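The exercises below concern strand pairing, burial and side-chain contacts. Each task is followed by a solution in steps.

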Amino acid sequence: LTGIRGAFSTRIVYVTAQQYGEGKVSYRLKMADSDGARPITIRQQSEPLMSPAWARDGSKLAYVSFESGRSAIYVQNLLTGNAHAISNAEGMNGAPAWSPDGKKLALVLSKDNNPEIYTLDIATKKLERMTNHYSIDTEPSWEPDGKGIIFTSDRGGNPQIYRLDVNSKDVERVTFEGELNTRARITPDGRYLVTVQKNDGNYHIALQDMKTGRVQVLTETYLDESPSIAPNGSMVMYATTENRKGILAVVSVDGLVKYRLPSADGDVREPAWSPYFK
């Protein structure tokens, strides 16, 4: 009726952290229906899990694990359950993001003593350095057509969003409103940019129109993070805090519809909304 494909048959993944015993924490990577129902545990360990990211066909996840004592990026096949480390260079290995064609991962490495954006060819394991700046460059996210990578950098003095042209490696600043902007994601049609924006000490989910530059703050809570966009571009899931506990919430891109997902055990963080499954 609306001409917009529904996202009710899609899935979400997220990370929970639950304390047990004395000073011990159990980290779980979980998958559930888009409304939070029927959660299952994909991975469980005593070391942190972070930054889950779906492959574009929905068959695999990339994520960061500290199970070896330092950060490494793993890829896990959701059909077989098999997981393997795909990047464990010295220093930081973080923030994996699949290219639209599924052939590459954008990631953050500090193997050259500074956090920079790289791409990793999945088949050949070839690394290509995409940024080269003394600042911190992190949190890459691909544009839908694969021609650009959006990322967070403090090269202007405080964290803001920049666009990297994949072919020329030219960089331009994208966000100018707010004290800072981080963790950018782009809607599937390329029209809107979703960020975590800080204003007056509070962190909200904000939406920027890439054509007009207009910015709209979508949320009213004070500590919102990790936005992830539904594959139809209509809703944004994010992590927030309620009663000193991490939960997941959803807001529509026009800001009119808001709801919270059923609360799981422990703190819930790092949501990632799946693509449509093939």
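Asp137 is buried, with a relative accessible area of 0% (buried means under 20% relative accessible area, exposed over 50%, partly exposed in between, with a 1.4 Å probe and protein chains only). The model is predicted: local features need pLDDT of at least 70 and side-chain atom pairs count only at pLDDT 80 or more, whereas totals for chains, interfaces and linings use all residues. Residues are numbered from 1 along each chain as its sequence is written, and side-chain values use heavy atoms, with hydrogens and water left out.

**Exercise 1.** Find the salt-bridge partner of Asp137 and state which parts of the chain the pair ties together.

Step 1. A salt bridge is a side-chain nitrogen of Lys or Arg within 4 Å of a carboxyl oxygen of Asp or Glu. Asp137 forms one with Arg155, and their closest N and O atoms are 2.8 Å apart.

Step 2. Asp137 is in strand E12 (residues 137-142) and Arg155 in the loop between strands E13 (148-153) and E14 (160-165), so the pair ties together parts 18 residues apart in sequence. Strands here are DSSP runs (E, at least two residues), numbered from the N terminus.

Step 3. Arg155 is partly exposed, at 22% relative accessible area.

**Exercise 2.** Locate the salt bridges of Arg269 and Arg43, and give the burial of each residue involved.

Step 1. The side chain of Arg269 meets that of Glu225 in a salt bridge of 2.6 Å, N to O. Arg269 belongs to strand E24 and Glu225 to strand E20 (residues 225-229), so parts that are 44 residues apart in sequence are tied together.

Step 2. Arg269 is partly exposed, with a relative accessible area of 22%; Glu225 is partly exposed as well, with 27%.

Step 3. Arg43 has Glu67 as its partner, and the closest N and O atoms are 2.0 Å apart. This pair links distant parts of the chain, 24 residues apart: Arg43 is in strand E3, and Glu67 is in the loop between strands E5 (60-65) and E6 (72-77).

Step 4. Arg43 counts as buried at 17% relative accessibility, while Glu67 counts as partly exposed at 37%.

Step 5. The count of salt bridges comes to 14. A network of them links Lys111, Asp112, Glu116 and Arg129.

**Exercise 3.** In which order do the strands of the open sheet that contains E24 follow one another, and which strands stand at its edges?

Step 1. The order is E3-E2-E1-E24, with antiparallel pairing. Two strands pair if DSSP finds at least two bridges between them.

Step 2. Strand E3 (40-45) and strand E24 (267-273) each have a single partner strand, so one side of each is left without a neighbour in the sheet.

Step 3. On average, neighbouring strands of this sheet are turned by 20° against each other, direction ignored. The angle is taken between axes fitted to C-alpha atoms, for helices over the stretch in contact, and runs from 0 to 180 degrees between N-to-C directions.

Step 4. Strand E2 (residues 24-33) is joined to E3 by five bridges, and Arg28 stands opposite Gln44 in E3.

**Exercise 4.** Trace the strands from E16 to E19 through their hairpins.

Step 1. E16 (residues 180-186) is mostly covered, with six of its seven residues buried. Five antiparallel bridges pair E16 with E17 (residues 192-199), and Arg185 has Val194 as its bridge partner in E17.

Step 2. Five residues separate E16 and E17 in their hairpin, and Gly190 in the turn has a positive phi of about 75°.

Step 3. E17 pairs with E18 over eight bridges, again antiparallel. The hairpin has two residues between these strands, and Asp200 takes a positive phi near 55°.

Step 4. Six of the eight residues of E18 (residues 202-209) are buried, so E18 is largely enclosed by the rest of the structure.

Step 5. Three bridges join E18 to E19 (residues 215-217), which run antiparallel; Leu207 stands opposite Gln216 in E19. Their hairpin has five residues between the strands, and Gly213 takes a positive phi near 85°.

**Exercise 5.** Is Asn114 buried or exposed, and which backbone oxygens does its side chain reach?

Step 1. Asn114 lies in the loop between strand E9 (104-109) and strand E10 (116-121). At 16% relative accessibility, Asn114 counts as buried.

Step 2. The side chain of Asn114 reaches the backbone oxygen of His133 at 2.7 Å, and one of its polar atoms lies 2.8 Å from the backbone oxygen of Ser135.

Methods. Helix = DSSP H or I, 4+ residues; strand = E, 2+ residues; numbered from the N terminus. Polar contact = N/O pair within 3.5 Å; in protein donor to acceptor, adjacent residues only side chain to side chain.
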